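The following exercises are to be worked with the sequence and the model at hand. Each task is followed by a solution in steps.

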Amino acid sequence: MLHPSLEPALLVLPPDKPVILFTRHSLRELAPNNGIPSYDLPLTPEGIVLAEQWGGRLNRPIKAVYSSPVGRCIDTAKAMSRGAGIELPITQTNVLVEPGCFVQSIRKVGPLFLQMGPLAFANHHFKEAMDGILSPKEGAAKLIQHFYQSQQAHTQGDLILHVSHDTILAAFIYHLLQQQHIEEHDWPWMMEGAWLWFDNSTLYWLWRGTQGQVDLADYLI
């Protein structure tokens, strides 16, 4: 099922702006022994149906699709597009995967991530600098620049889809929320996303019913 705050947000998005949906992929198979999921874990049949149904309920036309190159993200993008009744090329980008917007060196960061797990690692990342990973602000800046560029060619009412992973979505959105500690209930659900839009000087975002904004001058080069 979708997070209960996700669909109601459609009713409050600005009608005069292109809007970005920055989403985690849909339901995937469980990692063996509840371990850290590898990149080759596919979507479940239920995950494909959920993505198709969600794509069909969007009230804006999808005009561009970006995805992590990991299979379950690409398949989520395809299923959402199918549900929306469109067929668009999917632009794969490493900004939406690790190493990418936050992690620079899996060799340096990977062992600690495997030891701590996603939630504890995220909380550690919020508070302390680590070799091989950008700070939350630096990583968010890479994502914001990517999002900003992706929507420049679009017009009012357009939807631009970006499919990524829980670790990236969590690091990004809770940096914007200025939270340095999160709990299990804060973690992004599968198929949950944040809504983003821009004006000339500001990024606006909507996450679980909470809206905020940041000055682009703090993030764009």
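**Exercise 1. Describe the largest pocket of this predicted model: its volume, its lining and the elements that contribute to it.**

Step 1. The space in the largest pocket amounts to about 1,000 Å³.

Step 2. The lining of the largest pocket consists of 39 residues. Nearest the centre of the pocket lie Pro-37, Phe-113, Pro-118, Asp-166 and Thr-167.

Step 3. Two or more lining residues come from each of helix 3 (106–116), helix 4 (118–127) and helix 6. Helix 4 gives the most, with 6 residues.

Step 4. By residue class, the lining of the largest pocket divides into 24 nonpolar, 9 polar and 6 charged residues.

**Exercise 2. Determine which residues of helix 3 are buried, and where they lie around the axis.**

Step 1. Taking under 20% relative accessible area as buried, one finds Val-109, Gly-110 and Phe-113 in helix 3.

Step 2. These residues cover an arc of only 110 degrees around the axis, which places them on the same side of helix 3.

Step 3. The spacing can be compared with a general rule: an α-helix has 3.6 residues a turn, so residues three or four places apart point the same way.

Step 4. The other side of helix 3 carries the exposed residues Arg-107, Pro-111 and Gln-115.

**Exercise 3. Establish how many residues of helix 6 are buried, and describe what follows the helix.**

Step 1. Of the 11 residues of helix 6, 10 are buried, so this helix is largely enclosed by the rest of the structure.

Step 2. The buried residues are Asp-166, Ile-168, Leu-169, Ala-170, Ala-171, Phe-172, Ile-173, Tyr-174, His-175 and Leu-176. Among them, Asp-166 is also one of the residues nearest the centre of the largest pocket.

Step 3. After helix 6 comes Gln-178, which has a positive phi, near 60 degrees.

**Exercise 4. Analyse the aromatic pairs, and state which geometry two of them adopt.**

Step 1. The count of aromatic pairs is 8.

Step 2. In the pair of Tyr-174 and Trp-207, the ring centres are 6.2 Å apart and the planes stand at 85 degrees, an edge-to-face arrangement. Tyr-174 belongs to helix 6 (residues 166–176) and Trp-207 to strand 6, so that the pair links distant parts of the chain, 33 residues apart. Both Tyr-174 and Trp-207 are buried.

Step 3. For Trp-197 and Tyr-204 the ring centres are 6.0 Å apart; the planes meet at 15 degrees, so this pair is stacked. The relevant cut-off for stacking is planes under 30 degrees apart. Trp-197 and Tyr-204 are likewise buried.

Step 4. Phe-22, Phe-147 and Phe-172 are joined into a cluster by ring pairs.

Step 5. A charge over a ring is found as well: Lys-137 lies over the face of Tyr-219, 5.5 Å from the ring centre.

**Exercise 5. Locate the largest cavity and characterise its lining.**

Step 1. Searching the whole structure gives 1 cavity of 30 Å³ or more. The largest cavity holds about 50 Å³ of space.

Step 2. Its lining is made up of Ser-5, Leu-6, Ala-9, Glu-192, Gly-193, Trp-195, Leu-206, Trp-207, Arg-208 and Gly-209. The elements contributing two or more of these residues are strand 5 (193–198) and strand 6 (202–207).

Step 3. The lining residues of the largest cavity comprise 5 nonpolar, 3 polar and 2 charged.

Step 4. Trp-207 connects this exercise with the previous one: this residue lines the largest cavity, and its ring pairs with that of Tyr-174.

How values were computed
Residues numbered from 1 in each chain as written. Predicted model: local features only at pLDDT ≥ 70, side-chain atom pairs only at ≥ 80, totals over all residues. Heavy atoms only, no water. 1 Å grid on protein atoms, 1.4 Å probe; cavity = no way out; pocket = protein on both sides within 12 Å on 5 of 7 lines; lining within 4 Å. Points joined across faces, edges and corners; volume = space filled by probe spheres on them. Helix = DSSP H or I, 4+ residues; strand = E, 2+ residues; numbered from the N terminus. Nonpolar A, V, L, I, M, F, W, Y, C, P; charged D, E, K, R; others polar. Phe/Tyr/Trp six-rings, centres within 6.5 Å; stacked < 30°, edge-to-face > 60°. Buried < 20%, exposed > 50% of the residue type's maximum accessible area, 1.4 Å probe, protein only. Lys NZ or Arg CZ within 6 Å of the ring centre and 35° of its normal. Arc of directions from axis to C-beta.
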